[in-house]
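The following exercises concern a single protein chain. Each task is followed by a solution that proceeds step by step.

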Amino acid sequence: MASKKQICAACGFTGLGSPQRSSSGGASHEICPSCGFEPGYTDDDQDISPEQWGTEWRASGSKWFSKSIPAPRKKSAPKAAVEKSVRPTKKVRARSVKKRNR
Ligand SMILES: [Zn+2]
């Protein structure tokens, strides 16, 4: 049981620290860092179901909610940025070598 992933019922985020609802129905009040859903508050006090919250969250662009917990990295972007920053440095070095030879 302890190693089981805790999934957010609203957005499907799998990194929660504890189950949103215990087997007896108690809410964890752990705010999902992905969508901001808080079991026991969003659903009980605000009367918004996880399904409804998740639908509205996706409709508004699926923005990462938490400011203290970083969003999981996307794979494609960082590599291209590194390659671009390396190439100009090599060109500059090559030019300065040619000037010295003259
Ligand atoms: Zn969530």
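**Exercise 1.** Classify His29 as buried, partly exposed or exposed, and describe its backbone and its place in the chain.

*Solution.* The model is a predicted one. Step 1: within 10 Å of His29 there are 13 other C-beta atoms. Step 2: a buried residue needs 20 or more, and an exposed one has 12 or fewer. His29 is therefore partly exposed. Step 3: the phi of His29 is positive, near 60°, although the residue is not glycine. Step 4: His29 belongs to the segment before α1.

**Exercise 2.** Determine which residues Gly40 touches, leaving aside residues up to four places away in sequence.

*Solution.* Step 1: Gly40, like His29, is placed in the segment before α1. Step 2: the contacts of Gly40 beyond four places in sequence are Ala27 and His29. Step 3: Gly26 lies 14 residues from Gly40 in sequence, and their C-alpha atoms are 7.8 Å apart. Step 4: Gly40 has 14 C-beta neighbours inside 10 Å and so counts as partly exposed.

**Exercise 3.** Establish how the buried residues of α1 are arranged around its axis.

*Solution.* Step 1: helix α1 covers residues 50-59, and its buried residues are Pro50, Trp53, Gly54 and Trp57. Step 2: viewed down the axis of α1, these buried residues fall within an arc of 95°, so they line one face of the helix. Step 3: the spacing agrees with a general rule, since an α-helix has 3.6 residues a turn and residues three or four places apart therefore point the same way. Step 4: on the face turned away from the buried side, α1 carries the exposed residues Glu51, Glu56 and Ala59.

**Exercise 4.** Identify the members of the largest nonpolar core and relate them to α1.

*Solution.* Step 1: the core has 10 residues, namely Cys8, Ala10, Cys11, Phe13, Leu16, Cys32, Cys35, Phe37, Trp53 and Trp57. Step 2: Trp53 and Trp57 are also among the buried residues of α1. Step 3: beyond four places in sequence, Trp53 touches Ala10, Cys35, Phe37, Thr42 and Ile48. Ala10, Cys35 and Phe37 are core members as well. Step 4: in soluble globular proteins, nonpolar side chains tend to be buried together.

**Exercise 5.** Compare the exposure of Ser62 and Ile69, and locate both residues.

*Solution.* Step 1: α1 is followed by Gly61, which has a positive phi near 110°. Step 2: Ser62 is in the loop between α1 and α2, and its phi is also positive, about 50°, although it is not a glycine. Step 3: Ser62 has 12 C-beta neighbours inside 10 Å and therefore counts as exposed. Step 4: Ile69 is in the loop between α1 and α2, the latter spanning 77-101. Ile69 has 13 such neighbours inside 10 Å, so it counts as partly exposed. Step 5: Ser34 is 35 residues from Ile69 along the chain, and their C-alpha atoms are separated by 9.0 Å.

**Exercise 6.** State how many helices and strands the chain has, and what share of its residues is buried.

*Solution.* Step 1: the chain has two helices and zero strands. Step 2: of its 102 residues, 19% are buried. Step 3: among contacts with a separation of 6 or more, 33% join residues 24 or more positions apart.

Note on methods:
Residues numbered from 1 in each chain as written. Predicted model: local features only at pLDDT ≥ 70, side-chain atom pairs only at ≥ 80, totals over all residues. Helix = DSSP H or I, 4+ residues; strand = E, 2+ residues; numbered from the N terminus. Arc of directions from axis to C-beta. Contact = placed C-beta atoms within 7 Å. Core = buried A, V, L, I, M, F, W, Y, C linked by C-beta atoms within 7 Å.
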